[in-house]
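Student: I would like to go through the descriptive terms applied to this model and set each against its criterion. May we begin once the structure is shown?

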Amino acid sequence: MAVWVWGGRLGLRGCFCPGRLLYPRFQSRGPQGVEDGDRWQPSSETTRIPKIYTKTGDKGFSSTFTGERRPKDDQVFEAVGTTDELSSAIGFAMELIAEKGHAFAEELEKIQCTLQDVGAALATPSSSAREAHLKLTAFEEGPIVELEHWIDKYSSQLPPLTAFILPSGGKSSAALHFCRAVCRRAERRVVPLVQTGETDANVAKFLNRLSDYLFTLARYTAMREGNQEKIYKKK
């Protein structure tokens, strides 16, 4: 996992950064499985595509958006990496959800984009950031309010909780429960950074609210698909 810095890297690998689109991941292969990047020679009329590997992290260090080099097991990269994992889990859940034609797939895609903003904010630790860095990667309260609106919308259509719900309710619902668990872990990785002042408290608030949204959406999905939720039963 790599972090794009300005001019080459920022945010999560091959994705969006605040205000601009960075290089997409290049994975097409040529004949006999040889990577295009190994044999393709650009002509004067083609755009040069950067290689996916940079070798700059081979010694176990990576760069934050501020240009600071930190070990890859640093709290910042733990948080960024777990956020990336969360987006991947949501992407998997979306494939199952798309098969059912659920309209809220658009909400999940929007959340994935917001998670890129989360990653950019996390990759800009305050201790090494200049004002320009912080202004560019500031994480506002808007996405949190939007999540609360969605939670209220789906909660109003659900029967009240009377027991602990086990991850269940069909493939789509179970996948969303898995996303919720990954989201909780991402939140746990972010909390120490908030407590030390390295990142904005809104990032932790967003992840906290996102886990509530994913739980609510999992229940709503099970209901829409007519699947029974399993409940905890004490032996």
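Student: What is the handedness of the crossing in which α6 passes α7?

Tutor: In this predicted model, α6 passes α7 in a left-handed crossing. The contact of α6 with α7 comprises 16 nonpolar, six polar and five charged residues.

Student: Why are α6 and α7 called roughly antiparallel to each other?

Tutor: Two packed helices are described by the angle between their axes and the distance between the axes. Helix α6 (residues 171-195) and helix α7 (residues 201-224) pack at an angle of about 170°, and their axes are 8 Å apart. Angles over 145 degrees count as roughly antiparallel, and α6 and α7 are therefore described in that way.

Student: Where do these elements belong in the order along the chain?

Tutor: The protein has seven helices and six strands. From the N terminus on, the elements run β-β-β-β-α-β-β-α-α-α-α-α-α.

Student: Why is lysine 72 called partly exposed?

Tutor: Its relative accessible area is 39%. Buried requires under 20% and exposed over 50%, with partly exposed in between; lysine 72 therefore counts as partly exposed.

Student: Where is lysine 72 placed, and which residues does it contact beyond its neighbours within four places in sequence?

Tutor: Lysine 72 is in the loop between β6 (69-71) and α2 (75-100). With those neighbours left aside, lysine 72 is in contact with Gly57, Gly60, Phe61, Ser62 and Phe77. Lysine 59 is 13 residues from lysine 72 in sequence, and their C-alpha atoms are 9.3 Å apart in space.

Student: What makes the approach of lysine 72 to glycine 57 a candidate for a polar contact?

Tutor: A polar atom of the lysine 72 side chain lies 3.1 Å from the backbone oxygen of glycine 57. The cut-off for a pair of N or O atoms is within 3.5 Å, and the value of 3.1 Å satisfies that distance.

Student: How do you know that lysine 55 is exposed?

Tutor: Lysine 55 has a relative accessibility of 59%. The threshold for exposed is over 50%, so lysine 55 counts as exposed. Lysine 55 is found in the loop between α1 (36-39) and β5 (61-63).

Student: What makes the phi of lysine 55 worth noting?

Tutor: Most residues other than glycine have a negative phi. Lysine 55 is not a glycine, yet its phi is positive, at about 70°.

Student: What share of the residues in the protein is buried?

Tutor: Of the 235 residues, 41% are buried, the criterion being under 20% relative accessible area.

Definitions and conventions: Residues numbered from 1 in each chain as written. Predicted model: local features only at pLDDT ≥ 70, side-chain atom pairs only at ≥ 80, totals over all residues. Heavy atoms only, no water. Axes fitted to C-alpha atoms, helices over the stretch in contact; angles between N-to-C directions. Helix = DSSP H or I, 4+ residues; strand = E, 2+ residues; numbered from the N terminus. Parallel < 35°, antiparallel > 145°, perpendicular 65-115°, else oblique. Left-handed = near helix turned anticlockwise from the far one by under 90°. Nonpolar A, V, L, I, M, F, W, Y, C, P; charged D, E, K, R; others polar. Buried < 20%, exposed > 50% of the residue type's maximum accessible area, 1.4 Å probe, protein only. Contact = heavy atoms within 4.5 Å. Polar contact = N/O pair within 3.5 Å; in protein donor to acceptor, adjacent residues only side chain to side chain.
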